[in-house]
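Colleague: I'm new to this one, and I'd like a close look at a single part. Could you walk me through one sheet and whatever packs against it?

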Amino acid sequence: MSGRACTLFPRTLELLEPMHVVDGLMQTGWTGRTYAVYRDGEHVTRRAWQSLLPLMDNSFHNYVLNIRQKRSEEIFAARYKTQFDRAVYHGWEIVAYKIDTSLGDGYNITADISHVSLGQRAVRWWVRIDGRMKTNMPETNLAFGSIESQTHGNVLWVKLDRDAHRIGFALTPSLQAKYPDGLTQEDVVREATESLKPFTLEIERVDWWTQYNVRQKVATTFQKDEFVLLAGDAAHTHSSAFAQGMNTGVHDATNLAWKLSGALKGWYQRATLETYSSERRAAALKLISIDRLAASAVSGDIPTEYQRPGLTAEDALHSIFETNMNFTIGLGVSYDEVASVLHTTPTATTLLPGTRSPDALLHAPGPRVPFRLHDITHRDSNDRWSLLVFAGSYHRTKPRFVELRDKATASGSRIARWNHLLTFSTIILDTVGSAWEAFDGPALGKLYFDTDSLAHDRYGVYSDHGAIVVVRPDGVFAFAAALEDLSNVEDYFAGICA
């Protein structure tokens, strides 16, 4: 029993890198950087779509990955089985639960569960069909396609994995009146053909179809009674207008995983785990506010905020998308406006706590093959915090770096209390034969070269000053201090760790 999400955006792919599933997703799915919008059979230029691809260039995953959720879940489940020898169980509903900590065995919840059957789906707003399709539409293998229809709302066209495409349209009031008892598969195929006109459409094979109502809901809290945590569809529901369902669920999971794991191991204060609910619920509320507008426009209605003479529902939809595209592709999802113990005003760099940590290409000593900074902060983080020591031009920062290294490695240093949580890395602008050439001693952690200064620039670190940058296990920027201010970094961890 799988969900039907089909699109993964750049930030979601970044967040999935530590799970080592992205390569499998890319090999199975369809990667695209193309789009097209049609009205009355003619190609229409939309500024929002033109702006999307350059915005995605802020990530090395500068594409959209379309893969049906059934396929992606198979990849996740296989990785879970390989790494932990555990299986995933679908379709179970928690009917009731009670908290009991008296046994002291670490199992504090007793839950009553039942299996959920699929049953009939409500007929309200939208239709989606997956299958093998043939059309004379000029461009068919698209990351996103849109046909602005007078009768079927804003029609969705997406290239999926293997030989499949997805088409979707709105059940407008006239269509609901036409089918008062709901649609059959034959009806759905016929209306899909109508929705694509003046282009022809032949659906050669139907893999799946659905008709469903759109509802926007957010749970009052994502954490209840300390031990109960909600994520994904259990915490928030919304339309598929901007393909946010699975993407938002991945953001939830990767925000929660390191906090929950650390809490269970006794690493963090209770308030650190509680930031999951405050951070992700704020993001879900923002998503819902966008989705209400988008779902209305997709269905052919102009939201009140966009009603003005001459503006169509399609115009409103593209305006909503353009305004919120950075959030939609995930690179603009941030927690900087959420009050949190994880947020302390940095004393160095220009980044805001709670925002995505930038990526850049670095080099290691020896090989000339570059690698990504996110390989350190994301792919290989292993639920550890990254302490990036930007040492800039070592000719100028050497005295402060040596002092920092001596403090950090001294017996009994405060920072050593959290060595099990931290991974140090040293990044300099120049290239040298080894760290000893630059610092008369080892680097803090591994040494890397920022030969084009992009990493320093993107983190707002001056070459003659340097900085200690703290990145959370989920790749979110947390804090920064000057090279001589290690005590500020130690104070930061003292405020969140047990």
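Modeller: Sure, and keep in mind that this is a predicted model. Before we get to the sheet, here's some context from the UniProt record. Its unreviewed entry lists residues 177-287 as "domain: FAD-binding". In the model that stretch is 46% helix and 18% strand, with its end C-alpha atoms 31 Å apart. Further along, the unreviewed entry gives residues 441-497 as "domain: Phenol hydroxylase-like C-terminal dimerisation". That span comes out at 26% helix and 25% strand, and 30 Å separates its end C-alpha atoms.

Now for the sheet itself. Picture five strands side by side in the order 21-20-19-22-23, making an open sheet with mixed pairing. At the edges sit strand 21 (446-449) and strand 23 (477-481), each of them pairing on one side only. If you step from strand to neighbouring strand, the average turn between them is 25 degrees, ignoring direction.

Let's zoom in on the middle of that order, where strand 19 is followed by strand 22. Strand 19 covers residues 385-392 and strand 22 covers residues 467-471; the two run antiparallel and are joined by five bridges. For a spot to click on, try S386, whose bridge partner in strand 22 is V471.

And what packs on the sheet? That's helix 11, residues 394-409, which touches strand 19, strand 20 (422-428) and strand 22. Compare the helix's direction with that of strand 19 and you get an angle of about 145 degrees.

Notes: Residues numbered from 1 in each chain as written. Predicted model: local features only at pLDDT ≥ 70, side-chain atom pairs only at ≥ 80, totals over all residues. Heavy atoms only, no water. UniProt positions renumbered as here; feature names shortened; annotations may be inferred. Helix = DSSP H or I, 4+ residues; strand = E, 2+ residues; numbered from the N terminus. Pairing = 2+ DSSP bridges. Axes fitted to C-alpha atoms, helices over the stretch in contact; angles between N-to-C directions. Contact = heavy atoms within 4.5 Å.
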